[in-house]
Every structure is written in C-alpha cells, then in structure tokens.
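This report goes through one protein chain, from overall totals to helix packing and single residues. The structure comes first.

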Amino acid sequence: KKARYRAERPLIQVKKNHKRVTKRGEAELKPEEKRARSKRFKRTAIYLMALPYVVLTLPVSLPAILYFIHRKKKQKTVMGLHTAHELPKKDSIFMLGHHNDATADVLIWCPISVSGLTTQLSQLTAILKKMGCSYKISYHIDPSVDHPECAHWIDSSRINRPKVVFFMERYVPFERGFEEAIHVFYVNLDWLKPEAVSVARVYADLIICPVKHRFDELVSTFDNSKVIQLPWPTAATIDMSRARADLEDPQIKPIRVLYVGNDYNERSRKSPFATIKAILACRRTDLVFDLKFRSALPENVKKALAKRPNVDKVLDHPISAREVEALYEVADVNLIPNECEGNGLSIIEAFAKGVVPAVLDGYPMKDVVTESIGYLIECEEIGSKEWATAYATTSSAISRFLSRLDPDEVRRRKGNIVALENELRQRQTELEAVVQGVLASAGLGDMDEHTDEGIGPVPHAVSDEALSPVDLKSLLSKPSFQIFRDPELIDVHLTTSRRADVLAPTIERLLQAVSASPFQHRISVNIDDIDPATAKVIERFKDQFQQVTWTGVQMGLPYHWNSIIDQSQAMTARSEKRPDFICYLQDDCAIERPETYFTEMVEAAELLNPASLGMVSGYHSSVHKGFGHLSVAGKDYILSDSVDGKNFLVRPKVLYSIGKLPWWFPDGVRRGNPGPVHGSHFDLWQWKESPNCLMRQGRVNIIIPGLCEHSAATSELSTWNNDTTDEAISKRLSSGKIYVTR
C-alpha cells in the first residue's frame with residue numbers, strides 16, 4: 001500500500017510569481033532574476049565556446065549529446081507532471097515531490113563572507129566535519145567572496161529535505177519539505193524581525209540565545225521549543241600570547257587601538273562618523289590607530305586620516321581572514337561602538353586574542369563586557385532594531401573614552417581576560433555537546449560516540465545569574481526537540497459526548513479508513529461526560545484504541561482541544577515518536593471514502609508549502625465557503641481561512657503554535673462548559689480569534705468537499721441543540737450568516 005501510494009502521489013511543480021521583463025529592462029528585474037539571467041548568459045557563452053570542439057569531435061560527442069537530451073527530457077517529465085495554482089496575497093504553492101539534486105544531512109542557512117557570521121559558520125562546520133556529517137550552505141544572497149566553504153554552497157531552489165537545519169542569521173519559512181527536519185535557530189537579536197517570530201515559533205525546535213538580554217522573553221515567546229542560553233565560542237584559535245607578554249613586560253608602549261567597521265555611511269550600525277571624528281580630534285601620541293572598512297572611504301576622509309601621525313593602517317577594501325587576524329594580533333584595544341548588537345560575537349573574538357574590547361554602555365553588550373575586562377562608552381538609548389536595543393553615541397563620548405586609556409589599566413584588563421581562557425575553551429565543548437545532541441536526535445549520530453573527548457554538561461533554560469548545568473542526555477530527553485519523527489505515523493483523536501448511536505458508525509468508518517491507509521495510526525478517544533451506552537460502544541472497539549479518556553461532567557470542546565495538545569505531547573514523549581500529522585474527528589463526522597481518506601488528506605496537505613499550510617479538512621459546509629478553488633490531477637479543493645471544527649488534519653507544530661483555548665473571550669464573558677453563554681467558539685478560535693490563530697500566522701486551510709459528512713444535523717442529536725440540517729443552513733445563508741474571510 002505504501003509503495004502504491006508513493007507512486008501515485010502527485011508531484012507539484014513550482015510556479016513563482018516573478019515580475020515580467022519590460023521595455024525598461026534591468027531596472028524592473030528582481031535580484032534573483034538578475035542572477036538567473038547572468039547564469040543563463042554564462043551558460044550560453046560556454047556552449048558557444050565549446051561548439052567548435054563539439055563539431056571537431058562529433059563521432060565521440062554525439063552519443064553524449066543524445067544522452068544529455070534524454071536526461072533533460074526525463075527530468076522534465078518527472079518534475080512537470082502538474083502545474084500548481086497560485087494563491088492570492090503573494091502565497092505560492094511549491095513543489096514537494098522528489099528532486100534529482102543530491103542533498104546533505106545538514107543545511108546551514110547563513111551568508112558566506114570573510115567577516116561577520118563566517119566565524120559562527122566555521123565553528124559549526126568544524127564540528128560537523130569532526131562528526132562525519134555532510135552539510136550544505138545556502139542563503140538568500142549568493143556568496144561574493146572566495147571562501148573555502150563555497151565548495152558546500154547550494155542554490156536555495158535545490159534544497160531537498162535536510163534532516164537538520166541551522167539558522168545562523170535571518171529566519172525564513174520553509175518551502176520544500178522542511179517540516180521533518182530538526183530546526184535550530186541561533187538568535188541574532190538585531191535580525192529577529194517581528195514578522196518572522198510567529199513563523200519561527202511554529203518550526204523552531206531549539207533556540208540558542210547567546211546573551212542574557214531578553215532571554216526570559218525568548219523563553220516565553222518560544223514556549224513550544226527548547227530555549228537555552230549558550231554563549232557562542234570563538235572560531236579562531238584562542239591565542240593570548242601577546243597579552244601574556246604584555247603582562248610580563250612593564251615597559252610603557254603605545255596603545256594600539258583597532259576599529260573594524262563596515263561601510264562609511266548613515267546606514268552603518270558601527271558609528272563610523274563619530275569614530276572617525278574622534279580619531280581625527282585625538283592628539284595623543286601614545287595611541288596608534290588601525291582602521292578597517294569593507295568599502296572605500298571618501299577621498300577627503302582618507303586624506304585627513306593620512307595626515308594624522310597616530311593613524312597607522314587604513315584598509316578600506318575586503319581583505320582575507322588571515323589579514324584580519326593579523327590586525328587583532330597586534331591590537332591592545334578593540335573599539336566596537338556598535339549602535340546595536342545581536343550576539344556579542346565580535347566582543348568574544350577580541351577576548352580570544354587577549355584584546356580589550358570597548359563597547360557602548362548598553363545591552364546586550366553589558367552582558368558580555370564589564371569595566372574589569374573592557375571599557376563602556378557613554379551612549380543614549382534611541383529605540384530598537386528588531387529585538388535588540390539601539391543606542392547612539394557621539395564623537396565627544398568616544399573622545400572621552402580615548403582620553404582615559406591608560407597603559408596600566410589596559411594591562412590590568414588584559415590580565416583579567418587571560419583568566420577567561422579556560423571559560424572560552426569550555427564554550428567550544430558545550431557547543432559540540434549541543435550539536436552532537438541535535439544530530440543524534442535526527443538519527444545522524446550516536447550519543448555515546450564522543451564521550452571520551454571531553455564533552456561535558458550544557459546549560460539549560462534559566463533566568464538567574466548562574467547557569468545550572470544539566471547532563472546532556474537529560475537535555476536530550478526533553479520532548480520539545482529530541483524526538484525521532486516517524487514519517488509514516490498519523491495520530492487520530494476522536495471526541496464524543498453522550499451520542500452512542502452517532503459514535504458507533506463513525507468509529508466503524510474510521511477503522512475502515514485505518515485498515516486501508518498506507519500509514520500507521522494511534523487512535524485516542526476523548527469522552528465528554530460518559531454514559532452507559534457510550535461505554536458499551538467503547539468496550540466493543542477498545543482493542544483498536546491507543547488510549548481512552550473521559551470526564552465525569554460535560555466540559556465542552558475547548559477543554560478537549562487543550563487535552564488533545566497535552567495528550568499528543570505526552571504520547572510523543574512516551575513513545576519517542578513524533579507523528580507527521582494529527583487527525584481530529586468529532587463523533588458526528590462520518591467518513592464517506594474510508595478507502596482513500598488518509599491518502600487524500602495527506603495529498604492535500606502536500607499541495608501547500610508547510611509555511612503556508614494551516615489545516616486540511618474533509619468536511620465542507622457552505623457556511624465555510626472559502627475564498628478560492630484549486631484543481632490538481634482532476635481533484636477539486638477549496639482554499640479557506642476558516643474551517644469547520646468537525647474534522648481536520650494538521651501538522652503537530654501548527655497545532656501547538658495555535659496553543660490552548662482560554663475560557664475568557666474578548667467580550668469579557670466566559671464561554672464553553674462551564675459558562676453562562678451558549679457556544680464554545682471552538683471553530684472560530686482556531687483560525688480567527690486566537691492570539692496565534694491561523695489567519696494571524698498567514699496560513700491557508702484546504703477543504704476536500706465530500707470526504708466527510710455530518711451525521712448529527714438535527715437539533716435532537718446535537719449536544720448543544722444546534723440545527724444544521726440543509727433547511728437550517730439555507731436559512732442561515734439567506735440571512736448572510738456565513739464566515740466571510742478574504
């Protein structure tokens with residue numbers, strides 16, 4: 001059954017909504033289109049250059065050409081079986097079929113450059129190489145430098161189902177089958193955009209926060225993920241030989257100050273204008289300045305710096321990583337007046353060389369630097385950049401800092417930094433332990449493989465000053481991210497309340513669907529206020545159920561929605577298997593096509609990329625009419641923001657991201673059972689009223705008309721005396737009482 005299902009499952013071709021090239025030409029092209037045109041031009045040029053050689057060697061080259069054409073035709077046949085429908089509001093449907101491109105165990109999403117996050121990249125890749133894991137690197141911007149890690153670069157369109165994804169900077173939603181991957185998010189506060197938080201909250205399994213600033217808020221925001229506070233280690237070799245030599249040599253020498261900026265403009269967050277102005281105003285002959293920019297300085301600024309006798313090096317072009325290292329090797333003080341700081345990595349890099357950092361007197365810089373090991377420069381808080389606090393300093397404040405630099409004070413601070421050497425080395429060990437645990441959770445490593453290499457305890461989520469270490473295996477036993485995904489498993493949750501006559505045929509149809517399904521299933525039944533007739537039905541089918549729970553009084557659907565979330569997480573933790581989907585049915589939801597029920601639901605779920613998909617429902621009511629239609633492989637679907645609560649299929653993380661239902665609603669009235677007001681808002685809460693509802697997350701539901709029907713439409717059979725017969729629905733429609741969304 002599984003083999004037949006895989007063979008018959010439709011593959012959906014990517015169709016992206018790009019701008020067309022107009023007569024105005026390049027100006028209206030998107031960056032990715034320009035890169036694509038450049039690649040096509042280069043490829044065409046290569047073909048033209050190779051043409052004379054092909055003609056001269058035609059007897060040999062002809063078979064190769066024919067084989068190439070055959071391969072391309074075969075690839076197009078596989079990749080282009082069906083064309084997807086485009087959603088409104090910039091949503092897209094992405095292909096989730098099999099790619100021909102080979103992929104790696106691990107995907108790292110970050111830029112490649114000779115500065116910045118390459119530090120973190122080299123740390124992580126060194127660990128992956130040590131553990132024998134293959135990896136690919138990708139980002140929304142192609143690398144523009146010659147770097148050894150470019151050999152592992154992959155275009156984002158070719159990414160194919162990695163087992164682990166590390167996000168080292170910006171967070172992006174997943175497009176091509178990433179749901180099964182373990183997602184590790186290294187939080188760079190100044191790139192954690194508010195609009196990305198809701199999506200990240202759904203998918204992130206492990207959040208690594210490098211600083212204490214806003215850590216408690218991250219723990220609260222990502223409450224369905226594992227959040228740890230783990231200061232990132234240094235990538236370069238820890239070398240404090242220069243600092244030790246200075247401690248042993250009491251001779252007073254010029255203090256060499258290093259400033260590493262990016263661009264000399266108003267967009268730079270490294271205070272370039274204030275820094276240059278302060279350096280030009282500095283008349284101290286016992287200070288020597290080395291300046292590094294990644295782009296050219298204005299000529300008048302370069303000339304002014306050249307006239308200053310205490311300015312030694314001015315580098316305003318990209319240089320190699322080794323040249324950057326050389327600047328640190330001779331520096332005494334690293335001037336880092338960053339207006340906002342995402343992770344404190346540049347500060348840690350200075351520590352690794354025994355260089356004293358000078359930072360703005362704000363957060364999270366003060367999480368990393370104190371006056372005993374560095375300098376704090378006067379500044380003013382001016383707002384925020386994403387989750388990081390933003391500050392502003394002045395040339396006068398930097399001048400006052402330069403004026404208080406004293407050789408003895410610099411030497412004292414260097415001595416305190418040297419004392420941090422073992423702590424910096426321990427950070428590398430802790431990072432290895434966490435990475436090893438993530439890989440083991442994805443089935444890529446053995447937890448006991450590296451126990452002889454000194455992998456020690458790692459910190460867990462705490463908010464007090466001291467990080468309480470826990471054993472690594474204890475950390476990995478947490479169900480939030482250390483669970484093996486079972487791609488063939490669907491958990492089914494059925495709710496009922498004193499309707500035995502309705503419940504029995506629903507269970508029979510469900511068991512038929514399970515028997516015909518190519519997947520594995522665990523069925524849980526939640527009974528609201530059990531009665532003897534319901535107990536008799538449960539006794540009849542009890543051997544088919546994973547578990548049965550019931551309440552002594554009627555609690556209502558909101559209670560059971562919350563219970564299903566708890567049960568799902570508990571079942572996953574107990575079995576150490578995470579299902580691919582969770583399927584929900586009310587007792588009055590009759591499955592009409594049990595022989596194809598689960599395959600149809602899963603096929604529908606794979607039409608949308610996981611970042612856009614909300615729920616799949618087999619029950620359609622004209623009250624939830626939807627906003628669009630989709631036809632794929634002869635099957636019709638309805639696209640909707642709303643979905644009737646009788647039936648749905650959902651990915652576990654989406655269910656958890658919506659969260660639990662409170663009893664109090666915006667009107668200030670308590671609803672559900674117990675409650676004075678009729679109705680639970682069970683349907684509305686999922687997609688509209690919850691703080692994390694599907695509409696707020698930008699998700700779309702897919703409805704499969706006719707897959708399920710309502711078997712308790714009359715008021716006599718309804719728990720709440722609701723009349724949902726065709727006649728009642730017609731009256732409701734005529735009065736305009738429908739769920740209108742987009």
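Two residues are in contact when heavy atoms of theirs lie within 4.5 Å of each other. The coordinates belong to a predicted model.

**Chain totals**

The protein chain holds 23 helices and 29 strands. Of its 742 residues, 52% are buried. The accessible surface amounts to about 33,700 Å², and carbon and sulfur atoms account for 53% of that area. Taking the contacts between residues at least 6 apart in sequence, 71% join residues at least 24 apart.

**Helix α18 and its surroundings**

Thr 534 is a residue of helix α18, which covers residues 532–541. With a relative accessibility of 0%, Thr 534 counts as buried, because the cut-off for that class is under 20%. Leaving aside residues up to four places away in sequence, Thr 534 touches Thr 496, Arg 498, Arg 499, Ala 500, Leu 503 and Ile 527.

Two of these partners, Ala 500 and Leu 503, also appear in the contact between helices α17 and α18. The axes of α17 (residues 500–516) and α18 come within 9 Å and cross at roughly 20°. An angle under 35 degrees counts as roughly parallel, so α17 and α18 are described that way. Their crossing is right-handed. On the α17 side the contact is made by Ala 500, Leu 503, Ala 504, Ile 507, Glu 508 and Leu 511. On the α18 side it is made by Ala 533, Thr 534, Val 537, Ile 538, Arg 540 and Phe 541.

The loop between β20 (520–527) and α18 contains Asp 529. Asp 529 is buried, because its relative accessibility is 17%. Its phi is near 65°, a positive value in a residue other than glycine.

**Helix α15 and its partner α4**

Does the length of α15 agree or disagree with the span expected at 1.5 Å a residue? Helix α15 runs over residues 421–441, and its 21 residues should span 30 Å; the end C-alpha atoms are 31 Å apart, which agrees. This helix is mostly covered, with 16 of the 21 residues buried. Gly 443, which follows α15, has a positive phi near 75°.

Helix α4 (residues 118–130) packs against α15 at an angle of about 60°, and the two axes are 10 Å apart. That angle is over the roughly parallel limit of 35 degrees and under the 65 degrees at which roughly perpendicular begins, so α4 and α15 are oblique to each other. This crossing, too, is right-handed. From α4, the contact involves Gln 123, Leu 124, Ile 127, Leu 128 and Lys 130. From α15, the residues are Gln 428, Leu 431, Glu 432, Val 435 and Leu 439.

**Helix α8**

Which residues of α8 (residues 272–281) are buried? They are Pro 272, Ala 274, Thr 275, Ile 276, Ala 278 and Ile 279. These buried residues pack against three strands given here with their ranges, β10 (287–293), β11 (311–316) and β12 (333–336), as well as against β9. Helices α9 (299–306) and α13 (395–403) are packed against as well.

**Backbone features in loops**

Most residues other than glycine have a negative phi, and most peptide bonds are trans. Glu 386 has a positive phi of about 55° although it is not a glycine. Its place is the loop between β15 (380–385) and β16 (388–392). Glu 386 is partly exposed, since its relative accessible area is 22%.

The peptide bond from Tyr 363 to Pro 364 is cis, and its omega is near 5°. Pro 364 sits in the loop between β13 (356–360) and α12 (365–368).

**Residues brought together from far along the chain**

Pro 250 belongs to the loop between α7 (241–248) and β9 (255–260). With a relative accessible area of 64%, Pro 250 is exposed. Leu 345 is part of helix α11 (residues 345–352). Leu 345 is buried, at a relative accessible area of 6%. The table gives a C-alpha separation for each of them.

| Pair | Separation along the chain | C-alpha distance |
|---|---|---|
| Pro 250 and Pro 407 | 157 residues | 9.4 Å |
| Leu 345 and Val 211 | 134 residues | 9.9 Å |

Key:
Residues numbered from 1 in each chain as written. Predicted model: local features only at pLDDT ≥ 70, side-chain atom pairs only at ≥ 80, totals over all residues. Heavy atoms only, no water. Helix = DSSP H or I, 4+ residues; strand = E, 2+ residues; numbered from the N terminus. Expected span 1.5 Å × (residues − 1). Buried < 20%, exposed > 50% of the residue type's maximum accessible area, 1.4 Å probe, protein only. Areas by Shrake-Rupley, 256 points an atom, 1.4 Å probe, with all protein chains shown as cover. Axes fitted to C-alpha atoms, helices over the stretch in contact; angles between N-to-C directions. Parallel < 35°, antiparallel > 145°, perpendicular 65-115°, else oblique. Left-handed = near helix turned anticlockwise from the far one by under 90°.
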